[in-house]
Amino acid sequence: MRALTNTRVFRSVFRHGFPSSNRNRSLVVFSSFFLHFHPVKVRLRAIRFTRTFYLGGLCVACFFILTVSGIFLMFYYRPAVPHAYHDMKDLVFVVSSGTFLRNLHRFTAHMMVALALLHMAWTFLRGAYRPPREFNWVIGVGLLVVTVLLSYTGYLLPWDQLAYWAVTVGTNLVAATPLVGQKIKLLLLGGHAINDNALLRFYVLHCVVLPMVLVLGIGLHVWRVRKDGGIHLPPEVRTLAPGATEAMATTSKEAAQ
Amino acid sequence: MRERDEELGSQEAARAGADSARVVVVDFAAPELAGDLSDEPMVMTFPHLLVRELVAFLALSLFLVLVSLFFDAPLDAIADPTRTPNPAKAPWYFLGLQELLHYYPPVVAGVLLPGLLIIALAVIPYFQVNVERPSLWESAPLRRLGLLWLAISALSTVFCFASALPVWSIVVPLWMVGVAMSTGALPWRGGRVALWLRTRSLPFWIFLWFLVSATTLTATGFFFRGPGWAFTIPWRDGIY
């Protein structure tokens, strides 16, 4: 392993040696495009599971699973009116592991919405929305809305009764908006009823527009967390024994939230 | 724990330059090892954080794969605009809103209330109202208690009489939150729980009310509503 990391080819790709020294361990993170959103060192308190339950990270993990399974689903799906439903049936009865693929995409989508809601609740309860992070909280609310919209636009695509009527309920609510409601509904559906046009619009929103917005938003969200010095941690309460110097202070207990 | 101590120990060594002496060419990352100014324990992102992230990702994937293997996503008959299912339910995260449709006209349940909710969520951090301790009850507790219950009565009136039916899923959580809040105003000192309740901030209570109401509305819509949006008992009538 060590010998491998010393070869010229390995070094041309990774530019650091075997991560046995802290210097190389820093370079693993620091010199990697994919990991550079992490600092090279983190506070031990910040990475404990019970601090965040990794809810934000798990949302990103869900998005990754959804992207991969979604691309596979796109190979088998045509966003047109009779075909969409028949492609679903083919997926279930003809395509190898098609049922599994569909199940995975659907359940992960529900999971992502649930995790995003929990992430928001936990962020609030830990007080991480407070200044200087107030705008990042606003971005987070936006990301939650985009996540729900992604899930909702995907809901129409199977073109079954469940999809059709759930979207009918939703678009009728949109239409109830004063003044602009009917116009927004027309824009969203490409007509006055849910038909071919609506399916195509939801498909494009679901597969192209909203994922791009979400990727951009996640990037911004995570970047701002980094800029604010990592995840929010409550200040530590230091107990200073009488006569002790500042250096001898022991970290006793975190301040109650 | 021991491993971490070694880690921190070797960090000391790196700081002393013992490690960087071997690698002469690139030295730009060396200051990263200088340690933090506070004496808070720090660990290297690789391996400590990255391994945790990987384990969390694999655990989530395993869970989702198992669920996908043992349960099937629903697929109903082909969409038919002429045949409306009863009830026609939205996905679970919209069932709270659909439940509100039972009480309010669409413009209120579908536009006004969710719109206000999103705006309220977005502006929460911009209000400096009692964000940090000293708590709500630090000064003039009786006057604030009076104001609190005035506000609760006003909100209860709105949610009981401005709708077709009293929206109990919103009003009851409001009262519960009000009672929990009010314990802080009492002169009684109490134990740890009382102290915890007393030191919560106003945004905490408002958020808690949102959270409990939204959960109650969603759960009602999901479990307790059947044909014609009538009240059903899930263990007797099943889940629609």
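**Exercise 1.** Into which domains is chain A divided?

*Solution.* Note that the model is predicted. Chain A has domain 1, residues 1–41, and domain 2, residues 50–254. Next, locate their centres, taken over C-alpha atoms. The centres of domain 1 and domain 2 of chain A are separated by 33 Å.

**Exercise 2.** Describe the fold of chain B from its secondary structure, burial and contacts.

*Solution.* Step one: list the elements. Chain B has nine helices and one strand. Step two: put them in order. Along the sequence the pattern reads α-β-α-α-α-α-α-α-α-α. Step three: check burial. Chain B has 240 residues, and 18% of them count as buried. Step four: look at the contacts in chain B with a separation of 6 or more. Residues 24 or more positions apart account for 60% of these.

**Exercise 3.** Work out how helix 6 of chain A packs with helix 2 of chain B.

*Solution.* Two packed helices are described by the angle between their axes and the distance between the axes. Start there. Helix 6 of chain A spans residues 55–75, and helix 2 of chain B spans residues 45–70. Their axes are 10 Å apart, at an angle of about 55°. Therefore helix 6 of chain A is oblique to helix 2 of chain B. The crossing of these two helices is right-handed.

Now name the residues in contact. Helix 6 of chain A uses Gly57(A), Leu58(A), Ala61(A) and Ile65(A). Helix 2 of chain B brings Glu53(B), Ala56(B), Phe57(B), Leu60(B), Ser61(B) and Leu64(B). Last, sort the residues of this contact by type: seven are nonpolar, two polar and one charged.

Methods
Residues numbered from 1 in each chain as written. Chains lettered and ligands numbered in written order. Predicted model: local features only at pLDDT ≥ 70, side-chain atom pairs only at ≥ 80, totals over all residues. Helix = DSSP H or I, 4+ residues; strand = E, 2+ residues; numbered from the N terminus. Buried ≥ 20, exposed ≤ 12 C-beta atoms within 10 Å, placed from the backbone. Contact = placed C-beta atoms within 7 Å. Axes fitted to C-alpha atoms, helices over the stretch in contact; angles between N-to-C directions. Parallel < 35°, antiparallel > 145°, perpendicular 65-115°, else oblique. Left-handed = near helix turned anticlockwise from the far one by under 90°. Nonpolar A, V, L, I, M, F, W, Y, C, P; charged D, E, K, R; others polar. Domains from an automatic or database assignment.
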